[in-house]
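User: I have a structure open and would like to talk through a few places in it. Could we start with one residue and work outwards?

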Amino acid sequence: MASPTQKRTRIITDQEAENISRVEELAYEIKVNEVMTKDPITLAPNMHMREALEIFRQKRISGAPILAGKDNLVGILSIEDLIRCLMNTDLEASINEYMTTKLATIYYNDPLVEALKKFVATNFGRLIVVDQDQKMVGIITKGDINTGLLKALEYDYQEEEVRKYRASHLFEDIESDRTSLILRYNIKQGDFTTGGQASSNIKRALVRLGAPKQIARRCGIAIYEAEMNLIIHTTEGGVIRVEIESNQITIDTYDYGPGIKDVEQAMKPGFSTASESVREMGFGAGMGLVNISRCVDQMKLESVWGKGTRLRIRIFLDDRSKESEENES
Amino acid sequence: MILNELIEIVDGYLHNEKIDGSIQILGGCGADLMSDVLASIEPGAVLLTGLCNPQVVRTAVMADVAAIVLVRGKIPPPQTIDLALEEDIPLISSPFGMFELCGRLHKAGLPSLEKPVEGEQDCGC
Ligand SMILES: Nc1ncnc2c1ncn2[C@@H]1O[C@H](COP(=O)(O)OP(=O)(O)OP(=O)(O)O)[C@@H](O)[C@H]1O
Ligand SMILES: [Mg+2]
């Protein structure tokens, strides 16, 4: 028999989950210009690589924008470029031979999450921060983002009031523009007492955000079914992650086992592997996945037997949803 | 039908202290498996069920159920009552069984809010 104190390294704790979702929220709240390096050290394209090396070493930096003249941005030089140069023992070369001219820029008023997305997509070490006139106002690195987020978290713990303000501000943001809110919940296996809480919270959040009743209901039902499946059918529980955007709601649930042997069969109405004791609690009709598919606009269920299961669903907030609401009333 | 009328018809005991007795109950639905409830129930219904664990209340919240009636005089555990209070969902215990309850409410004019479940109904057994 497995001992209950068995280490569960892959599943994050509630506290960690809370911190993670807080960090994600902050990534939407904090703007690039709040954490960027203003007035970064810049170099000129005709300087020698040797000088660049010296400046990098003295100033302890790992990259610098290259300006031709006063403010004409022509490239960026990073440690990687310097290493290439060193390998060629070519320190007398001028910077413009080694600099990178492909520039990844980010708007100074964007939330950090936009910068994070660019880092993930491009693999660049730093982004040039520009203002509305495409003029460089600073640079931002992954390190800047980490420091900024950590500072904000620390500040958070001290300033309850500020946190409240932030939260309400965040909701306004979502209602009004392109940014999104991410909610994340860690679901415990076998927890029938608090089970369903995540779905309730999500549904409530949607109603508060002004989602139409019908949408909130469809989301609630779909997430509840997914949540109960994590509670009932997994070995270690799992995670629900919800992203609320102005035009759609995306829900991602995943767990690390036991997986589903035959996904097609699992999707059939009435198919269930639930035990008798679970049925006594009101589950195991074999209708959960069917209900989910009826409530959502897109659904993808993937599973590897012995590994885990991932369910991704999406609900659109556009005309289609309005249509079904009309049918309903 | 309003909540107070319903409580009278089912000879029910209301577990919530503060509840607006004038809320409208649009219809009814009876089921003991939560996914069956979620598959078929329409908003604003009273849910008649033989289960009394907290998940009944969760399910009711998800499906916009207007009130819950526990059949056969079942007294729910404290967690269920607490959750019903928290979610502000009327939770009622009735001494009658499921069939009797459906009959009484239907006779009093309460329509069914169990919408037919479309699609293939291969029950898999
Ligand atoms: N996350 C999961 N991990 C492993 N197996 C799963 C998972 N989700 C679903 N299944 C399998 O798919 C089957 C069908 O799931 P579905 O939600 O449709 O019905 P159910 O959970 O058995 O009953 P109901 O949802 O009606 O209470 C389950 O019985 C189980 O075997
Ligand atoms: Mg299920």
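User: Let's begin with S199(A): is it buried or exposed?

Analyst: This is a predicted model, and in it S199(A) is buried, because its relative accessible area is 0%, which falls under the 20% cut-off for a buried residue.

User: Where does S199(A) sit in the chain, and what does it touch?

Analyst: S199(A) belongs to helix α8 of chain A, which runs over residues 197-208. Leaving out residues up to four places away in sequence, S199(A) touches G220(A), I223(A), Y224(A) and E227(A), and it also touches M62(B) from the other chain.

User: Since the other chain has come up, how many residues are in contact between A and B?

Analyst: On the side of chain A there are 30 residues in contact with 29 residues of chain B. The two chains bury about 2400 Å² between them, and 48% of that area is on carbon and sulfur atoms.

User: Which residues of chain A supply the most there?

Analyst: R217(A), Y224(A) and R294(A) supply 23% of the area that chain A buries against chain B, which is more than any other three residues. Y224(A) is also one of the residues that S199(A) touches.

User: Now the ligand. Where does ligand 1 lie?

Analyst: Ligand 1 lies between chains A and B. There are 20 residues around it, and those that come nearest are H233(A), S272(A), T273(A) and G284(A), together with S35(B).

User: What polar atoms lie by its oxygens?

Analyst: A polar side-chain atom of T273(A) is 2.5 Å from an oxygen atom of ligand 1, while for G286(A) it is a polar backbone atom, at 2.8 Å from a ligand oxygen. A backbone N or O atom of G288(A) is 3.1 Å from an oxygen atom of the ligand. Taken alone, ligand 1 exposes 590 Å², and the protein buries 95% of that.

User: And what is the shell made of?

Analyst: The shell around ligand 1 divides into 11 polar, seven nonpolar and two charged residues. Helices α9 (213-233) and α12 (288-295) of chain A each supply at least two of the shell residues, and the largest share, three residues, comes from α9(A).

User: Tell me more about α12(A): which of its residues are buried?

Analyst: Helix α12(A) is mostly covered, with six of its eight residues buried. Those six are G288(A), L289(A), V290(A), N291(A), I292(A) and C295(A), and G288(A) is the residue whose backbone atom lies 3.1 Å from a ligand oxygen.

User: What do those buried residues pack against?

Analyst: Within chain A, the buried residues of α12(A) pack against α9, α10 (263-266), β10 (298-304) and β11 (308-316), and from chain B they pack against α2 (34-40).

User: Different topic: why does M99(A) count as buried when it is in a loop?

Analyst: M99(A) is in the loop between α4 (79-87) and β4 (105-107) of chain A, and M99(A) counts as buried because its relative accessible area is 14%, under the 20% cut-off. Beyond its neighbours within four places in sequence, M99(A) is in contact with I66(A), V74(A), G75(A), I76(A), L77(A) and D81(A). L77(A) is 22 residues from M99(A) along the chain, yet their C-alpha atoms are separated by 4.7 Å.

User: Finally, how many helices and strands does chain A have?

Analyst: The secondary structure of chain A comes to 13 helices and 11 strands, and buried residues make up 47% of its 329 residues.

Notes:
Residues numbered from 1 in each chain as written. Chains lettered and ligands numbered in written order. Predicted model: local features only at pLDDT ≥ 70, side-chain atom pairs only at ≥ 80, totals over all residues. Heavy atoms only, no water. Helix = DSSP H or I, 4+ residues; strand = E, 2+ residues; numbered from the N terminus. Buried < 20%, exposed > 50% of the residue type's maximum accessible area, 1.4 Å probe, protein only. Contact = heavy atoms within 4.5 Å. Near = heavy atom within 4 Å. Polar contact = N/O pair within 3.5 Å; in protein donor to acceptor, adjacent residues only side chain to side chain. Areas by Shrake-Rupley, 256 points an atom, 1.4 Å probe, with all protein chains shown as cover. Nonpolar A, V, L, I, M, F, W, Y, C, P; charged D, E, K, R; others polar. Buried area = accessible area lost by both parts, 1.4 Å probe.
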